[in-house]
Amino acid sequence: MSSAPSPLDRWYETAGVRGGVRRIFHAETEQGRVFFPHSLVAHLDHPEVKALAPERIREISVRHLYQFLHSTTHLETRVVNGAAEPVANGNTGMHFPSALRMDAFKVYCDEGYHALYSLDLADQIAAVTGIEVPDVDYGGFVTALQDSGRRLLPEDPLLAGQLQAVVFETLITAVLNEVPQDPTVVSTVRDLMRDHAKDEGRHHRFFSAFFLELWARLDRPRRILAARALPAMIRAALDWDVEPVRVSLRLAGLDEDRIEAVITDCYGKDAGISRIQTVSRSTLRLCAQVDAFDLPGAADAFASYGLRAPEDTDD
Ligand SMILES: [Fe+2]
Ligand SMILES: [Fe+2]
C-alpha cells in the first residue's frame, strides 16, 4: 500500500463534481463577446471565411465551441474512463495499490461530470441562440486515437488504452488553459473551462505519476512498442477533427470546392505543428523522463510526426 501523497488526496473537498456550481448561460450579459477565442479557430482566419457575413462567422464560432464541448464528452467518457475503469477495478494484469485504484475512480467520477456539463452548456447555448448543434460524429478524436492503438499496439489493447489516456490527460490542461484568460470570450464559457482546468490540473499530475508507475511495470519489448506508439497518439489527440468543420462551413453556405480549400489551407499536413509542439511539451517531457526517446526506433517515430524531445527542463 503506497502512502505517497497524491494530487487527488483532497478530492472530496476540491473536485468540481463534489462542490461546483452549474454554469448558466445568459445571452443578455454576453453581447459583443465571442464563443471561442478566434485565435484558436484556424478556419476563422481564412479569406473564404472572413468574406462571409458577420452572422455566419458568429455561427461558425458557436459551432466550433459545440465541437470542442461534444468532442470533450467523447474523449472523457470513452478514452479516459475507458482506461480508468480497468485500473480502478484491478483488471489491468498489473498490480496497483488500492489508493491508486480509488484515485482512478475519482478520475472516473470527474470525467462523467465534465462530460455532463460540457453537453449541458452546448445545449443551453443552442436553446438561447437558436444555433443548432449539428448532428455529426464528434468522436473523431477518439477514432483517431483508437486507430493509432490498433495500428501500433495491435496485440496490446490494454496498454494502448492506458497510453491514450496518459497522452490526452497530459495535453488537455494546456488546451483548457488557453481559453479562460481571454477577455473577448463569453464568461460562461470561460468559467466552465476554468472549472474543468482546475480538475484537469490534478488529473495532469495524477496521470504523470501514473505513467511512471505504468512504465515501471512494462518489460523492455512493451516499452519499445509504447515509445513508438506515443507520437502517433499525441498527433491523434491534437490534429483537429475536420469533419465537423466541413459540416459547419457547409451550413455557412460555402460550396464544396471552397470548403476543401479552407480545410487544406488550415488543417493540411503540419498546419499548426508549432502549436502542437508547444501544447504537447509536458507530455513530451514525460516521455523523455522515462528515456522513451532512447529506445530503438522511438526518436525516428517522434520525428516522423514532427515531434522532438523538449530541450528545456522548466515547469
Ligand atoms: Fe475532464
Ligand atoms: Fe481528466
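Q: In this predicted model, is phenylalanine 210 buried or exposed?
A: The relative accessibility computed for phenylalanine 210 is 2%. Buried means under 20% relative accessible area, so phenylalanine 210 counts as buried.

Q: Which geometry describes the aromatic pair of phenylalanine 206 and phenylalanine 210?
A: These two residues are four apart in helix 8 (residues 187-216), so about one helical turn separates them. Phenylalanine 206, at 5% relative accessibility, is also buried. The ring centres lie 6.1 Å apart, with 15 degrees between the planes. Planes under 30 degrees apart fall into one class, and the pair is therefore stacked.

Q: Which residues form one aromatic cluster with Phe206 and Phe210?
A: The structure holds twelve aromatic pairs, and Phe206 with Phe210 is one of them. The cluster that contains these two rings has as its other members Phe96 and Phe207.

Q: How many residues apart are phenylalanine 141 and tryptophan 240, which form an aromatic pair?
A: The pair is edge-to-face, at 5.3 Å centre to centre and 75 degrees between the planes. Phenylalanine 141 is buried at 5% relative accessible area, whereas tryptophan 240 counts as partly exposed at 23%. Phenylalanine 141 belongs to helix 6 (residues 140-152), while tryptophan 240 sits in the loop between helix 9 (220-238) and helix 10 (243-251). The pair thus links distant parts of the chain, with a separation in residues of 99.

Q: What is the geometry of the site of the iron ion (ligand 1)?
A: The coordinating residues are Glu76, through two OE atoms, Glu111 (OE), His114 (ND1), His196 (NE2) and Glu200 (OE), at 1.9 to 2.7 Å. The angles among the six donor atoms run from 52 to 163 degrees. Six donors count as octahedral only if opposite donors are over 155 degrees apart and all others between 65 and 115. Because 52 degrees falls outside these ranges, the site is irregular.

Q: How far apart in sequence are the parts that glutamate 76 and histidine 196 tie together?
A: Both residues are buried, glutamate 76 at 0% relative accessibility and histidine 196 at 2%. Along the chain, the donors of the iron ion (ligand 1) follow the spacing E-x34-E-x2-H-x81-H-x3-E. Glutamate 76 lies in helix 4 (residues 54-88) and histidine 196 in helix 8, so the distance in sequence between the parts they join is 120 residues.

Q: Which residue bridges the iron ion (ligand 1) and the iron ion (ligand 2)?
A: The two iron ions lie 3.5 Å apart. One of the residues that coordinate the iron ion (ligand 1) through an OE atom also bridges to the iron ion (ligand 2), namely glutamate 111.

Key. Residues numbered from 1 in each chain as written. Chains lettered and ligands numbered in written order. Predicted model: local features only at pLDDT ≥ 70, side-chain atom pairs only at ≥ 80, totals over all residues. Heavy atoms only, no water. Phe/Tyr/Trp six-rings, centres within 6.5 Å; stacked < 30°, edge-to-face > 60°. Buried < 20%, exposed > 50% of the residue type's maximum accessible area, 1.4 Å probe, protein only. Donors = N, O, S within 2.8 Å, 3.2 Å for Na, K, Ca; no water. Tetrahedral: all angles 85-135°; square planar, octahedral: opposite > 155°, others 65-115°.
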